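This report covers helix packing, cysteines, selected residue environments and backbone geometry.

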Amino acid sequence: MSLNQVTVRVPASTTNLGPGFDALGLALKLHNRMTFQIAEGPVTVEVAGEGEGVLTGGEDNLVYTAVARLCREVGREPLPLRMRLVNAIPVSRGLGSSSTAIVGGLVGANALLGEPLDREQLLALAVEMEGHPDNVTPALLGGFQVTSHTEEGLLHLEIPTPAGLRAVVCVPNVSVSTADARRVLPQQYSRADAVFNLSRVALLVSALLTGQTAVLRAAMQDRIHQPYRAELIPGFHAVVQAALDAGASGACLSGSGSTMLALTLGNEEAVGEAMVAAVRAAGADARWMALEVDTEGAVAEPPPPAA
C-alpha cells in the first residue's frame, strides 16, 4: 500500500572502532528524523537542527538525491515532495550524517511507493551511493555490523554487544571532510602494521562477542588510519588518553573524525568531561554525549490515522 506521507528515523553510526578500517560499524541512538509528504509543485526541503542554514534546500539535497535514485531503480519518475529534516547528528564529524541522509531518503521513498525493494536491495543502493558499506549498513540495519565486499557481493553480519555498553562521543567544533581524511593516508603499509591491525580487529570482535571488555583498550588500537588523521584532530592522542584515564574501556576516532569515541560500561560523565577538557587544552571547544547502541536501524513511521 502506498502512502502520501511518512516519517523516517535513522540512527547515527560510528565506524572503524579503531582497527576495523572500512569494515566495522556501530549504530548509535542519536537520530535524524525526515518527514516526506507527496505534494504538487517543486521539491522543497526544510532543515532544522544540525546543518540548518548549511545543507541545501532543494533537489540537490542528499536526502532527495537518494529519493530520486530509488525512483529510477524501480522505474518511476522522482516523487514531488515536501520534506522536513530534523537533524540531531552533527555534520562532517564522523557520525555518519551523509549515510543517514542516503538511508533515510531510500527508506522514505520505498515506503511512499509501497515498499517495492527489500532491505538487502536498499542496502545495495545505499552502498552504491555512499561508496563503502561501513556506515550505511548499521544506519539501515542497526547494531554492530561487520561488512566485507566479496566476489558474490556485500556480506554483512551483526554481532551482539555487551549489555550496558555505551559510546561516549566527544564532538569538537572542527569539521573534517572525508576527502581530507582519506588524502592523508599512505598508499602502502608495512607488514608489521598490517599484522598489528589484523590482530586488533580479531581481538575487538572477540571481546564484544564474549563480553570481555577489559581487552578493549588494546583491541581498539590502530596503525592504519588514526596515526595519520591525528594531525587533523585537535588533541587526538591526549583525548584518547584522557578517556582511558577516566575509566573508558577503549577509545578511538569515530569514522574519519573529528569526533572521538570511547566505549564504556559506566563513568560516562567522567569520561565525557575528561575528553572535552583535553580538546579545550588543545585550543578548540567540544561537547560530549553518552549514546546507547541502536539495534533497530532505520524505521519508517506512517502518519497516525485521522481521528
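## Helix α9 and what surrounds it

Immediately after helix α9, Gly247 adopts a positive phi of about 115°. The model is predicted, and the values below are computed from it. Helix α9 covers residues 236-245, and its buried residues are Phe236, Val239, Val240, Ala242, Ala243 and Leu244. An α-helix has 3.6 residues a turn, so residues three or four places apart point the same way.

The cover over the buried residues of α9 includes the helices α7 (216-219), α8 (226-229) and α10 (268-281), together with the strands β8 (250-253) and β9 (260-264). Ala274 belongs to helix α10. With residues up to four places away in sequence left out, Ala274 touches Ala242 and Ala246; Ala242 is one of the buried residues of α9. Ala274 and Trp288 are 14 residues apart along the chain, and their C-alpha atoms are separated by 9.8 Å.

## Packing of α1 against α2

Two packed helices are described by the angle between their axes and the distance between the axes. For α1 and helix α2 (residues 97-112), the axes come within 7 Å and cross at roughly 40°. That angle makes α1 oblique to α2. The crossing of α1 past α2 is right-handed.

On the α1 side, the contact involves Leu62, Val63, Ala66, Val67 and Leu70. On the α2 side, the residues are Ser98, Ala101, Ile102, Gly105, Leu106, Ala109 and Asn110. By class, this contact of α1 with α2 has 9 nonpolar residues, 3 polar and no charged.

## Packing of α1 against α3

Helix α1 (residues 62-73) also packs with helix α3 (residues 119-130), at an angle of about 125° and with the axes 11 Å apart. The outcome is that α1 is oblique to α3. The crossing of α1 and α3 is right-handed.

From α1, the residues in this contact are Leu62, Thr65, Ala66, Arg69, Leu70 and Glu73. From α3, they are Leu122, Leu125, Glu128 and Met129. The residues of the contact of α1 with α3 comprise 6 nonpolar, 1 polar and 3 charged. Leu62, Ala66 and Leu70 are among the α1 residues that meet α2, and they are also listed in the contact with α3.

The loop between α2 and α3 contains Glu115. Glu115 has a relative accessible area of 56% and is therefore exposed. Its phi is near 60°, a positive value in a residue other than glycine.

## Cysteines

How many disulfides does a search of the whole structure find? The search finds 0. A disulfide is a covalent bond between the sulfur atoms of two cysteines. For Cys170, the closest cysteine sulfur is in Cys252, 12 Å away, which is too far for a bond.

Is Cys170 buried or exposed? Cys170 is buried, because its relative accessible area is 0%. Cys71 likewise counts as buried, at 0% relative accessibility.

## Asn16 and its surroundings

Asn16 lies in strand β1, which spans residues 5-16. At 2% relative accessibility, Asn16 counts as buried. Setting aside residues up to four places away in sequence, Asn16 touches Phe21, Asp22, Leu24, Asp134, His225, Arg229 and Gly255.

The phi of Asn16 is near 75°, a positive value in a residue other than glycine. Most residues other than glycine have a negative phi, and most peptide bonds are trans. Asn16 and Ser256 are 240 residues apart in sequence, while their C-alpha atoms are 8.6 Å apart in space.

## The loop between β8 and β9

Ser256 is placed in the loop between β8 and β9. With a relative accessibility of 13%, Ser256 counts as buried. Outside its neighbours within four places in sequence, Ser256 is in contact with Val176, Thr178, Ala181, Arg229 and Ile233. Arg229 also appears among the residues that Asn16 touches.

Ser258 lies in the loop between β8 and β9 as well. Which geometry, cis or trans, does the peptide bond from Gly257 to Ser258 have? The bond is cis, with omega near 10°.

Conventions: Residues are numbered from 1 along each chain as its sequence is written. This is a predicted model: local features need pLDDT of at least 70, side-chain atom pairs count only at pLDDT 80 or more; totals for chains, interfaces and linings use all residues. Side-chain values use heavy atoms; hydrogens and water are left out. Axes are lines fitted to C-alpha atoms, for helices over the stretch in contact, and angles run from 0 to 180 degrees between N-to-C directions. Helices (H or I, at least four residues) and strands (E, at least two) are DSSP runs, numbered from the N terminus. Angles under 35 degrees count as roughly parallel, over 145 as roughly antiparallel, 65 to 115 as roughly perpendicular and the rest as oblique. A crossing is left-handed if the near helix is turned anticlockwise from the far one by less than a right angle, and right-handed if clockwise. Contact means heavy atoms within 4.5 Å. Ala, Val, Leu, Ile, Met, Phe, Trp, Tyr, Cys and Pro count as nonpolar, Asp, Glu, Lys and Arg as charged, and the others, Gly among them, as polar. A disulfide is a pair of cysteine sulfur atoms within 2.5 Å. Buried means under 20% relative accessible area, exposed over 50%, partly exposed in between (1.4 Å probe, protein chains only).
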